[in-house]
Amino acid sequence: MSQKVLEALQQKFEGAILATHGQFGDDTAVVDPSRWKEIASYLRDDPKLAFDHFIDLSAVDYLGRRTPRFEVVLHLRSTAKLHRIRLKAPLDEAELEIDSLVEGLAKDKKDIE
């Protein structure tokens, strides 16, 4: 089922899906970091996809092994559709910023007290 998700992403975000592959039981889309939030929001909001379970978010440092050096990795699952997907966004050392996927977080500690 996740292969259909990858196909939907490639159709909807032509040019922003840099690569796709399967690894360790997860289908993966490597995405343009500038479209990261838009793509993740689409996966959550489209009722045909319904990715409602944020499994984890991590980063990988490929020091000396490849360029770009860093990669942000997100695992998502749809509890209704029973499919999973991994999004990866490559980041250069010189530009280590990516949009947050969480909206409405407190801007500083006093906002949450």
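What is the accessible surface of the protein chain, and what share of it belongs to carbon and sulfur atoms? In this predicted model, the accessible surface comes to about 7300 Å², and 49% of that area belongs to carbon and sulfur atoms.

**Overall architecture**

The secondary structure of the protein chain consists of two helices and five strands. Their order along the sequence is α-β-β-α-β-β-β. Taken along the principal axes, the C-alpha atoms fill a box of roughly 45 × 40 × 25 Å. The protein chain has 113 residues, of which 35% are buried. When contacts between residues at least 6 apart in sequence are considered, 48% of them join residues at least 24 apart.

**Pockets**

The two pockets that rank highest by size are set side by side below.

| Pocket | Volume | Nonpolar lining | Polar lining | Charged lining |
|---|---|---|---|---|
| Largest pocket | about 180 Å³ | six residues | two residues | four residues |
| Second largest pocket | about 150 Å³ | five residues | one residue | four residues |

The lining of the largest pocket is formed by Lys37, Ala40, Ser41, Arg44, Phe51, Asp52, His53, Phe54, Leu74, Leu76, Leu101 and Glu103. Two or more of these lining residues come from each of helix 2 (36-45), strand 3 (53-61) and strand 4 (70-78). Helix 2 contributes the most, with four residues. By class, the lining of this pocket has six nonpolar residues, together with two polar and four charged ones.

The second largest pocket, with a volume of about 150 Å³, is lined by 10 residues, and those closest to its centre are Lys4, Ala8, Tyr42, Lys48 and Leu49. Helix 1 (residues 2-12) supplies the largest share of this lining, namely five residues. The class composition here is five nonpolar, one polar and four charged residues.

**Asp45**

Where does Asp45 lie in the secondary structure? Asp45 is found in helix 2, the element that gives the most to the lining of the largest pocket. The relative accessible area of Asp45 is 48%, and the residue is therefore classed as partly exposed. Along the chain, Asp45 and Ser2 are 43 residues apart, and their C-alpha atoms are separated by 16 Å.

Notes
Residues are numbered from 1 along each chain as its sequence is written. This is a predicted model: local features need pLDDT of at least 70, side-chain atom pairs count only at pLDDT 80 or more; totals for chains, interfaces and linings use all residues. Side-chain values use heavy atoms; hydrogens and water are left out. On a 1 Å grid over the protein atoms alone, a cavity is a set of points where a 1.4 Å probe fits but cannot get out, and a pocket is an open set with protein on both sides within 12 Å along at least five of seven lines; lining residues have an atom within 4 Å of a point. Grid points are joined across faces, edges and corners, and a volume is the space filled by probe spheres set on the points. Ala, Val, Leu, Ile, Met, Phe, Trp, Tyr, Cys and Pro count as nonpolar, Asp, Glu, Lys and Arg as charged, and the others, Gly among them, as polar. Buried means under 20% relative accessible area, exposed over 50%, partly exposed in between (1.4 Å probe, protein chains only). Contact means heavy atoms within 4.5 Å. Accessible areas come from the Shrake-Rupley method with a 1.4 Å probe; for residues, only the protein chains shown count as cover.
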